[in-house]
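Please open the model in your viewer and keep the selection panel at hand. The tour below proceeds by selection, one stop after another.

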Protein chains: 2
Amino acid sequence: MANRIAVALNALADPTRRTIFERVGAAPGAVGEIAAGLPVSRPAVSQHLKVLKEAGLVTDTPDGTRRVYRLDPRGLGALRDWLDRFWGDQLGAFKDFADQQESSE
Amino acid sequence: MANRIAVALNALADPTRRTIFERVGAAPGAVGEIAAGLPVSRPAVSQHLKVLKEAGLVTDTPDGTRRVYRLDPRGLGALRDWLDRFWGDQLGAFKDFADQQESSE
DNA sequence: CGATTCGGTTAGCCATGGCTTACGGTAAGC
DNA sequence: GCTTACCGTAAGCCATGGCTAACCGAATCG
């Protein structure tokens with residue numbers, strides 16, 4: 001479960017991969033379509049999509065010789081849950097600290 | 001604004017740095033305290049904290065010769081907002097796709 | 001079937017970045 | 001003031017990983 005977060009964050013850390021991810025998010029499409037307009041070659045995009053897929057961030061659907069990629073909510077959901085843990089735990093603590101700082105000036 | 005997401009994701013991508021981040025989240029503390037128990041040296045932790053700080057994920061407060069680190073909600077908030085964009089936009093689209101797949105079986 | 005299109009895989013190159021060791025600098029304690 | 005504790009920084013080493021070029025498999029169309 002922690003590993004899920006690890007691979008997702010690692011996948012989204014790369015700028016090119018994040019661009020690809022956002023592009024798929026804007027509109028599902030085939031590899032060639034996604035690669036068009038990007039400053040990297042098509043095999044590079046293919047490799048990135050593989051990483052994103054293994055991270056549970058995208059899903060692929062065969063369509064003839066093409067292969068359509070779309071977002072996969074599972075990875076997003078895992079990340080969101082992970083982030084929310086910190087919100088509950090530490091935002092309150094930070095607020096206490098901020099108030100304390102303020103009152104001592 | 002997009003750069004904010006970039007540095008935050010990049011900072012959280014490294015396993016050691018994520019461990020440090022979670023540790024700070026569990027309990028604010030000094031560098032030495034955080035480094036204790038970790039499989040890396042103290043300077044390494046210091047370098048990681050610098051990255052986390054520049055990513056807006058932690059804040060440091062001088063305390064004598066020590067330096068206390070705590071979570072910074074700004075980075076978390078930026079990440080959360082970024083993730084929420086995808087939820088609104090694409091979860092619906094994915095659901096439509098899933099329903100469509102189901103109806104064609 | 002041949003030809004074409006589309007896409008995943010491999011090998012290899014090179015840059016990025018995480019780690020350690022050594023150092024310098026500052027604040028507390030005696 | 002001198003020592004000690006705590007921490008950030010610099011230099012250098014080495015592994016990870018992203019990229020391209022070349023290859024190969026599969027599906028569609030004439």
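**Stop one: the surface near DNA strand D**

Begin with α4(B), which provides the largest share of the surface near DNA strand D, namely 5 residues. Please bear in mind throughout that this is a predicted model. Next, add the other elements: α2 and α4 (42-54) of chain A, and α3 (31-35), α4 (42-54) and β3 (66-71) of chain B, each supply at least two residues of this surface. In total, 24 residues surround DNA strand D, and the closest are A:Ser41, A:His48, B:Ala30, B:Ser46 and B:Tyr69.

Which part of the strand faces the protein? Of the atoms of DNA strand D within 4 Å of the protein, 69% belong to sugar or phosphate, and the rest belong to bases.

**Stop two: phosphate oxygens**

Select A:Ser41 and display its side chain: an N or O atom there is 2.7 Å from a phosphate oxygen of DNA strand D. Move to A:Arg17, where a polar side-chain atom lies 3.1 Å from a phosphate oxygen of DNA strand D. At B:Gly32, display the backbone instead, since a backbone N or O atom lies 2.9 Å from a phosphate oxygen of the strand.

**Stop three: aromatic rings**

The structure holds 6 aromatic pairs over all chains. Select A:Phe21 and B:Trp82, a tilted pair at 6.4 Å centre to centre with 45 degrees between the planes. A:Phe21 lies in helix α2 (residues 15-26) of chain A and B:Trp82 in helix α5 (residues 73-103) of chain B, so this pair joins two chains. Both rings belong to buried residues: A:Phe21 has a relative accessible area of 0%, and B:Trp82 has one of 5%.

Now select A:Trp82 and A:Phe86; their ring centres are 5.0 Å apart and their planes stand at 75 degrees, so the pair is edge-to-face. These two residues both lie in helix α5 of chain A, 4 residues apart, about one turn of the helix. A:Trp82 is buried at 4% relative accessibility, and A:Phe86 is buried at 7%.

Adding B:Phe86 to the earlier selection shows a cluster, in which ring pairs link A:Phe21, B:Trp82 and B:Phe86. Then display B:Arg85, whose charged end sits over the ring of B:Phe86, 5.8 Å from its centre. In chain A, A:Arg85 lies over the face of A:Phe86, at 5.8 Å from the ring centre.

**Stop four: the two copies**

Finally, colour by chain. A rotation of 180 degrees, with 0.0 Å of shift along its axis, superposes chain A on chain B with an RMSD of 0.0 Å. The two copies are therefore related as by a two-fold rotation axis. Of the interface residues of chain A, 100% are also interface residues in chain B, so the copies meet through the same surface.

Notes: Residues are numbered from 1 along each chain as its sequence is written. Chains are lettered from A and ligands numbered from 1 in the order in which they are written. This is a predicted model: local features need pLDDT of at least 70, side-chain atom pairs count only at pLDDT 80 or more; totals for chains, interfaces and linings use all residues. Side-chain values use heavy atoms; hydrogens and water are left out. Rings of Phe, Tyr and Trp (its six-membered ring) pair if their centres lie within 6.5 Å; planes under 30 degrees apart count as stacked, over 60 as edge-to-face and the rest as tilted. Buried means under 20% relative accessible area, exposed over 50%, partly exposed in between (1.4 Å probe, protein chains only). A charge sits over a ring if NZ of Lys or CZ of Arg is within 6 Å of the ring centre and within 35 degrees of the ring normal. Copies are superposed by least squares on the C-alpha atoms of residues with pLDDT of at least 70 in both. Contact means heavy atoms within 4.5 Å. A residue is near a molecule or strand if one of its heavy atoms lies within 4 Å of it. A polar contact is a pair of N or O atoms within 3.5 Å; within protein, one must be able to donate a hydrogen and the other to accept it, and residues adjacent in sequence count only if both atoms are side-chain atoms.
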